[in-house]
Amino acid sequence: MNEFGIYVFSGTGNTLMCAEALKESLDHTGAASVLHEIRDGTEFAGEKDLIICYPVHGFNAPNMMLRFCRGIPEGRGSVWFLKTSGEPLRLNGNSSAELMKLLRKKGYSVMGEFHYIMPYNMVFRHSDEMASLMWETARERITEAAEQIAAGKNRAIHPSVPAKAMSLLCRIEHRFYPANGRLYRVDPDRCVKCMKCVKNCPASNITYEDGRFRFGRNCSGCVRCSFGCPEGAIHIGLLEFMRVNGTYDFSRDPEKAEIGRYCRRSYIRYFAGRDE
Ligand SMILES: Cc1cc2nc3c(=O)[nH]c(=O)nc-3n(C[C@H](O)[C@H](O)[C@H](O)COP(=O)(O)O)c2cc1C
């Protein structure tokens with residue numbers, strides 16, 4: 001039986017949660033799949049059909065996912081995309097374009113994408129209730145996605161013109177993140193030297209030598225280091241004013257979620273499923 005290769009890049013866990021739920025739902029349909037978490041240097045394992053999962057970074061797919069997909073050899077299988085983003089804006093609609101073009105050129109049939117809104121790991125913090133509502137919504141929809149994928153159904157996407165323009169404009173971010181990564185700093189008064197950042201960086205970009213943390217030129221901008229730092233000790237260069245620290249509690253009552261003023265109409269539309 002054919003196995004789906006689920007390839008996930010996830011900075012702070014949102015996309016990984018969704019990809020794991022997708023794998024579980026695929027298992028229920030009887031479709032076999034293998035989940036691979038991507039770090040720098042992860043190699044393609046050779047499955048015929050692919051599910052590429054990533055968080056939207058600056059209206060595009062992260063650098064790390066682009067690099068991984070460039071390394072996939074030519075193939076004749078199908079590819080789906082699963083992406084998460086903090087905002088339900090239609091401006092996020094063209095983020096898979098570069099990956100789609102790349103994989104089409106390699107011979108893959110692009111089947112479409114699934115987009116789930118998960119709590120922001122940047123810009124501002126959602127409430128835990130809102131995070132729980134997002135997660136519950138995604139989980140329900142992921143079950144349907146798995147059925148569609150297992151049945152080989154096409155799910156075309158139609159990005160708007162502003163979404164296309166936005167993703168093109170923001171491709172500059174791919175150069176910005178590695179440069180900004182050089183500006184990351186650890187606050188010595190807060191750091192407890194747990195080395196979580198060094199161990200967990202998916203780009204192996206953080207080292208600790210002679211009592212000092214060093215940030216290399218390979219930052220993917222995923223913010224796993226600063227978001228997951230137990231002491232909130234990592235400053236993220238020019239993006240410091242948007243830093244969010246600490247994981248969400250997804251076990252709160254989603255019914256108590258209050259949709260704030262920020263992008264209110266888009267969130268309401270998303271939760272009501274009107275983008276489907
Ligand atoms: C550098 C960076 C850029 C981001 N850009 C966007 C964006 O353009 N649009 C958006 O809706 N969310 C954006 N986000 C939010 C993430 O896409 C969102 O929180 C996602 O669920 C994080 O997934 P992860 O936990 O798997 O990394 C950005 C986050 C980061 C760290």
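## A tour of helices, domains and a ligand

Select helix H2, residues 63–70, and helix H3, residues 97–105. Their axes lie 10 Å apart, and the angle between them is about 5°. Angles under 35 degrees count as roughly parallel, so H2 and H3 are roughly parallel to each other. Keep in mind that this is a predicted model.

Now show the side chains where the two helices meet. From H2, pick Met-65, Leu-66, Cys-69 and Arg-70. From H3, pick Glu-98, Leu-99, Leu-102 and Leu-103. Colour this contact by class: 6 residues are nonpolar, none are polar and 2 are charged.

**Next stop: H1 and H4**

Select helix H1, residues 14–29. Add helix H4, residues 128–150. How far apart are the axes of H1 and H4? They are 8 Å apart, and the helices pack at an angle of about 45°. That angle makes H1 oblique to H4. The crossing of H1 past H4 is right-handed.

Show the contact residues. On the H1 side, select Met-17, Cys-18, Ala-21, Leu-22, Ser-25, Leu-26 and Thr-29. On the H4 side, the contact includes Trp-135, Ala-138, Arg-139, Ile-142 and Thr-143. Further along H4, add Ala-145, Ala-146, Glu-147, Ile-149 and Ala-150. By class, this contact of H1 with H4 has 12 nonpolar, 3 polar and 2 charged residues.

**Next stop: the two domains**

Colour residues 3–170 as domain 1 and residues 181–242 as domain 2, following the domain assignment. The centres of the two domains, taken over C-alpha atoms, are separated by 26 Å. Look at where the domains touch. Here 11 residues of domain 1 are in contact with 12 residues of domain 2. The side of domain 1 that touches domain 2 has 4 nonpolar, 5 polar and 2 charged residues.

**Last stop: the ligand**

Select the ligand and the shell around it. How many residues surround the ligand? There are 24, and the closest are Gly-11, Asn-14, Thr-15, Pro-55 and Ser-85. Colour the shell by class: 14 residues are polar, 9 are nonpolar and 1 is charged.

Which domains do these residues come from? Domain 1 and domain 2 each give at least three residues to the shell. Bring back H1, and add strand E4, residues 78–85. Each of these two elements supplies at least two residues of the shell. H1 gives the largest share, 3 residues. You have therefore met H1 twice: oblique to H4, and here beside the ligand as a supplier of shell residues.

Notes: Residues are numbered from 1 along each chain as its sequence is written. This is a predicted model: local features need pLDDT of at least 70, side-chain atom pairs count only at pLDDT 80 or more; totals for chains, interfaces and linings use all residues. A residue is near a molecule or strand if its C-beta atom, placed from the backbone, lies within 6 Å of it. Helices (H or I, at least four residues) and strands (E, at least two) are DSSP runs, numbered from the N terminus. Ala, Val, Leu, Ile, Met, Phe, Trp, Tyr, Cys and Pro count as nonpolar, Asp, Glu, Lys and Arg as charged, and the others, Gly among them, as polar. Domain bounds come from an automatic or database domain assignment. Axes are lines fitted to C-alpha atoms, for helices over the stretch in contact, and angles run from 0 to 180 degrees between N-to-C directions. Angles under 35 degrees count as roughly parallel, over 145 as roughly antiparallel, 65 to 115 as roughly perpendicular and the rest as oblique. A crossing is left-handed if the near helix is turned anticlockwise from the far one by less than a right angle, and right-handed if clockwise. Two residues are in contact if their C-beta atoms, placed from the backbone, lie within 7 Å.
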